[in-house]
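User: Could you take a close look at one strand of this protein and walk me through its surroundings?

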Amino acid sequence: LFRSLLWKGCRAIPGYAVTVPTTVRVQEGLCTFVQCTFTYPSTQKLSNRPRGYWCRHISAVQFQRVASVNDPDALVSSETAARFRLVGDLQKNDCSLSIYSAKRQDEGAYFFRIEDTFRFSYIERMTGLSVIALTDKPKITLPAVVTEGTKVSATCTAPGRCTGAPPKITWKTVLHMEYSQMDTSIKDADRKST
């Protein structure tokens, strides 16, 4: 049964389709968004709380769930449970996925699966995730001239443009050979801290 459920999605079946990028590249430690939409035959109907999953393709008959929606009892990989989120609205045929704090071991092929009044694995079109070295650095903006005794505003913009938990930024200064430190979190949608 398990084999037939997975293989059911291997060949094109009229009415079932998914639109996802073929590949997604993300820098290690940053986040990315996988846009996803799906269709199913008009003879099928979704319930009020359809269950959907993103799965990592392991072999022709084996997969691992990495994210779920509307299924609190789903067995989802502990390695990805907090970092992979199915954020799309399945009622609107949106199966989009957000990936946070990407790791090298996340590399692989992923596909969407629906389990509701019908079950289907959309593995005819998978997304390959590539995690590359982190090259983006925070951007620090300071005034061109700093005068002793005057208030200065410095801005740090973190790399990446995802929503979710903001990165923590630590400001360190050296004054008269003494270190002072101030911790802050990103304060706005542009991932800036001042």
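Analyst: Happy to. Two strands count as paired here if DSSP finds at least two bridges between them. With that in mind, β9 and strand β11 (residues 127–132) qualify, running antiparallel to each other over 3 bridges. Please keep in mind that this is a predicted model.

Let's stay with β9, which spans residues 108–115. Most of this strand is covered, as 6 of its 8 residues are buried. The pairing with β11 includes a bridge between Ala109 and Gly128, the latter lying in β11.

β9 has further antiparallel partners. Strand β5 (residues 51–59) pairs with β9 over 6 bridges, and Arg51 stands opposite Glu115 of β9. Strand β10 (residues 119–121) is also antiparallel to β9, with 3 bridges between them. In that pairing Glu115 appears again, this time with Arg119 in β10 as its bridge partner. Glu115 therefore has a bridge partner in β10, Arg119, as well as facing Arg51. The connection from β9 to β10 is a hairpin through 3 residues. As background, side chains in a regular strand alternate between the two faces of the sheet.

One residue in the span of β5 deserves a mention too: Cys55 is buried, with a relative accessible area of 0%.

Now for the wider setting. The protein chain contains 16 strands and 1 helix, and 37% of its 194 residues count as buried. Of the contacts between residues at least 6 apart in sequence, 58% join residues at least 24 apart. The accessible surface comes to about 11,800 Å², and carbon and sulfur atoms account for 54% of it.

A covalent link also ties the chain together: the structure holds 1 disulfide, joining Cys36 to Cys95 with an S to S distance of 1.8 Å. Its two ends are 59 residues apart, with Cys36 in the loop between β3 (32–34) and β4 (37–39) and Cys95 in the loop between β7 (84–86) and β8 (97–99). The torsion about the S-S bond is about -70°, so this disulfide is left-handed. Cys36 is buried at a relative accessible area of 0%, and Cys95 is buried with a value of 0% too.

Finally, a word on confidence. The average pLDDT of the chain is 82, and 77% of the residues score at least 70. Residues 1–10 stay under 50, and the model has 26 contacts beyond four places in sequence for them.

Key: Residues are numbered from 1 along each chain as its sequence is written. This is a predicted model: local features need pLDDT of at least 70, side-chain atom pairs count only at pLDDT 80 or more; totals for chains, interfaces and linings use all residues. Side-chain values use heavy atoms; hydrogens and water are left out. Helices (H or I, at least four residues) and strands (E, at least two) are DSSP runs, numbered from the N terminus. Buried means under 20% relative accessible area, exposed over 50%, partly exposed in between (1.4 Å probe, protein chains only). Contact means heavy atoms within 4.5 Å. Accessible areas come from the Shrake-Rupley method with a 1.4 Å probe; for residues, only the protein chains shown count as cover. A disulfide is a pair of cysteine sulfur atoms within 2.5 Å. pLDDT is the predictor's confidence in each residue, from 0 to 100.
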